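Q: I would like to learn how to read a protein model feature by feature, with the general idea given before the particular case. Could we go through one together?

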Amino acid sequence: MRVYEVAVDVSTEVGLGQSLSVAARVCVPDTIPEEPLVCFAFPGGGYNTRYFTFDMPGSGGGGQAGWHTSRGWIFIACDHLACGSSTRVEDVTEIGWDHLVAANEATARKLLTRLTDGTIDPDLPAIHSPFTVGLGQSMGGAILILQQGRHHV
């Protein structure tokens, strides 16, 4: 499994008048299948990308991301705004559901574009015609449901 740490600028989409980025960990199998599946994973409140990539003692495979990539998936674990390595804001009460949904939608859309045009990393070729799915744990699932309802992405 290859892992790429990526920051996605979501300033415009979130609309809080400040520079904002979402951190993501793009986990790619050693061999990319002809018909690739890309999974965007959003953790629960207060958690970060390590929720999906943490390796439990004795498991030896990169956590949930490792399990999926060993089956040929491209697994993208995304932090929420103000969590993990994403942009922190001075007043977290400024961030509402609409902001989180906008940030996550922009992250998924922009990363999918970067995957298909080959600009995630020079060592990663363009991924053609991927099938996409979303996965969310707890609050990440709630935001994903809102995102799907509003943006269908």
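Q: How many residues does the largest nonpolar core have, and which of them have the most contacts inside it?

A: This is a predicted model, in which local features need pLDDT of at least 70 and side-chain atom pairs count only at pLDDT 80 or more, while totals for chains, interfaces and linings use all residues. Residues are numbered from 1 along each chain as its sequence is written, and side-chain values use heavy atoms, with hydrogens and water left out. In soluble globular proteins, nonpolar side chains tend to be buried together. A nonpolar core is a set of buried Ala, Val, Leu, Ile, Met, Phe, Trp, Tyr and Cys residues joined through side-chain atoms within 4.5 Å, where buried means under 20% relative accessible area, exposed over 50% and partly exposed in between, with a 1.4 Å probe and protein chains only. Here the largest such core has 32 residues, and Val10, Ile76 and Leu81 have the most contacts inside it.

Q: Which elements give two or more residues to this core?

A: Helices (H or I, at least four residues) and strands (E, at least two) are DSSP runs, numbered from the N terminus. Two or more residues come from each of β1 (2–9), β2 (21–28), β3, β4, α4 and α5 (139–151), and the largest share, seven residues, is that of α4. Another core, of eight residues, lies apart from this one and includes Cys27, Leu37, Ala65 and Phe75.

Q: In what order do the strands form the sheet, and is it open or closed?

A: Strands of a sheet pair through backbone hydrogen bonds, either parallel or antiparallel; here, two strands count as paired if DSSP finds at least two bridges between them. Five strands form an open sheet in the order β1-β2-β4-β3-β5, with mixed pairing. Because β1 and β5 stand at the edges with a single partner strand each, one side of each is left without a neighbour in the sheet. The twist from one strand to the next averages 20°, where axes are lines fitted to C-alpha atoms (for helices, over the stretch in contact) and angles run from 0 to 180 degrees between N-to-C directions.

Q: Is strand β3 enclosed or open to its surroundings, and why?

A: In a regular strand the side chains alternate between the two faces of the sheet. In β3 (residues 37–42), six of the six residues are buried, so the strand is largely enclosed by the rest of the structure. Leu37, Cys39 and Ala41 point one way, whereas Val38, Phe40 and Phe42 point the other way. On one side β3 runs parallel to β5 (residues 131–136), to which six bridges join it, and it also pairs in the parallel sense with β4 (residues 74–78) over four bridges. Alanine 41 stands opposite leucine 135 in β5, and its bridge partner in β4 is alanine 77, while cysteine 39 has phenylalanine 75 as its partner in β4.

Q: At what angle do the axes of α4 and α5 cross?

A: Angles under 35 degrees count as roughly parallel, over 145 as roughly antiparallel, 65 to 115 as roughly perpendicular and the rest as oblique. The axes of α4 and α5 come within 9 Å and cross at roughly 75°, so the two helices are roughly perpendicular to each other. Contact means heavy atoms within 4.5 Å, and among the residues that make it are Trp97 and Leu100 of α4 and Ile143 and Leu146 of α5.

Q: Where is serine 86 found, and which residues is it in contact with beyond its neighbours in sequence?

A: Serine 86 is found in the loop between β4 and α4 (97–117), and it counts as buried because its relative accessibility is 4%. A polar contact is a pair of N or O atoms within 3.5 Å; within protein, one must be able to donate a hydrogen and the other to accept it, and residues adjacent in sequence count only if both atoms are side-chain atoms. The side chain of serine 86 reaches the backbone oxygen of histidine 80 at 3.3 Å. Leaving aside neighbours within four places in sequence, serine 86 is in contact with Ser21, Val22, Ala23, Asp79, His80 and Leu81.

Q: What is the phi of alanine 82, and what is that of serine 138?

A: Most residues other than glycine have a negative phi, and most peptide bonds are trans. Alanine 82 has a positive phi of about 70°, and serine 138 has a positive phi of about 55°. Alanine 82, in the loop between β4 and α4, counts as buried at 16% relative accessibility, whereas serine 138, in the loop between β5 and α5, is exposed with a relative accessible area of 56%.
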